[in-house]
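Welcome! Please take a moment to look over the chain below, and then we can walk through it together, topic by topic.

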Amino acid sequence: MSLLWQARFFTTVNHLRDLPKTQVPEIAFAGRSNAGKSTAINILCNQKKLAFASKTPGRTQHINYFSIGGAHVGQHRKDLTNVEEIRALLVDLPGYGYAEVSGDAKLHWQELLGDYVQRRQQLAALVLIMDSRRPFTELDVQMLEWFAPTGKPIHCLLTKADKLNRNEAANALRQARTVLGSYVDAEGRPFPFTVQMFSALKRTGLDEANDKILELLGLTENELNAEADPEQTDRQDGDPSP
């Protein structure tokens, strides 16, 4: 069981002024509307309908927050979330890249996404989700360049890896590393950008992605074990009682 399995819907916002006042670390998921972002979030959190995938591409226009901690989804789905006990937030950003979306909506998304990823102090890292067959589209690169100046990590999931054979997957991964490695700071040091292959269908890269996300959030699975067995935690802290 992963800490991510505790994820539950927390809030949705459409303007920066409405962002949560919480101070816990956030990790945001961004990607084209057809890159498999919602599917990736759902499988990582072991829930079928946590992240909403609209039947009309580009329809989901809000920033959706999912909390980690503060409630136990598996046991008490209807219990209230204790905000003070939230330890991290997963942030599902609006998908981008569909021509059917109106110009006004595109402009709003651009401003919302750009301002959020550049200014949100609580944002610890970005998970950039790209179709492994068509990575680094113009909009993906725009997201990279919005976020790079923050100096914070980006972890790329190259989704739908099951659509590639072994050689194609190896080439896609090598090319992605080359692109990411081309981003350097003012002193020529590479930004903390990483990449992996991922397939929700075949569950390829699931453990790697889970571990990386928890690392970027500063969480460990030991914390989950401690929550599950508080008496064991007491004993580790020096309480010898059985």
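A residue is called buried when its relative accessible area is under 20%, and exposed when that value is over 50%. In this predicted model, buried residues make up 45% of the 242 residues in the protein chain. With that idea in hand, here is a short tour.

**Overall layout**
- The protein chain has seven helices and seven strands.
- Reading from the N terminus, you will meet the elements in the order β-β-α-β-β-α-β-α-β-α-β-α-α-α.

**Contacts and surface**
- Among contacts in the protein chain with a separation of 6 or more, 76% join residues 24 or more positions apart.
- About 12,900 Å² of the protein chain is exposed, and carbon and sulfur atoms supply 49% of that area.

**A closer look at helix α3**
- Which residues of helix α3 are buried? In this helix, which covers residues 138-147, they are Asp140, Met143, Leu144, Trp146 and Phe147.
- These buried residues lie on the same side of α3 because they cover an arc of only 165° around the axis.
- It helps to remember that an α-helix has 3.6 residues a turn, so residues three or four places apart point the same way.

**Cysteines**
- A disulfide is a covalent bond between the sulfur atoms of two cysteines.
- Counting pairs of cysteine sulfur atoms within 2.5 Å gives zero disulfides here.
- Cys45 counts as buried, because its relative accessibility is 2%.
- Cys156 is buried too, with a relative accessibility of 0%.

Note on methods
Residues are numbered from 1 along each chain as its sequence is written. This is a predicted model: local features need pLDDT of at least 70, side-chain atom pairs count only at pLDDT 80 or more; totals for chains, interfaces and linings use all residues. Side-chain values use heavy atoms; hydrogens and water are left out. Buried means under 20% relative accessible area, exposed over 50%, partly exposed in between (1.4 Å probe, protein chains only). Helices (H or I, at least four residues) and strands (E, at least two) are DSSP runs, numbered from the N terminus. The arc is that of the directions from the helix axis to the C-beta atoms. Contact means heavy atoms within 4.5 Å. Accessible areas come from the Shrake-Rupley method with a 1.4 Å probe; for residues, only the protein chains shown count as cover.
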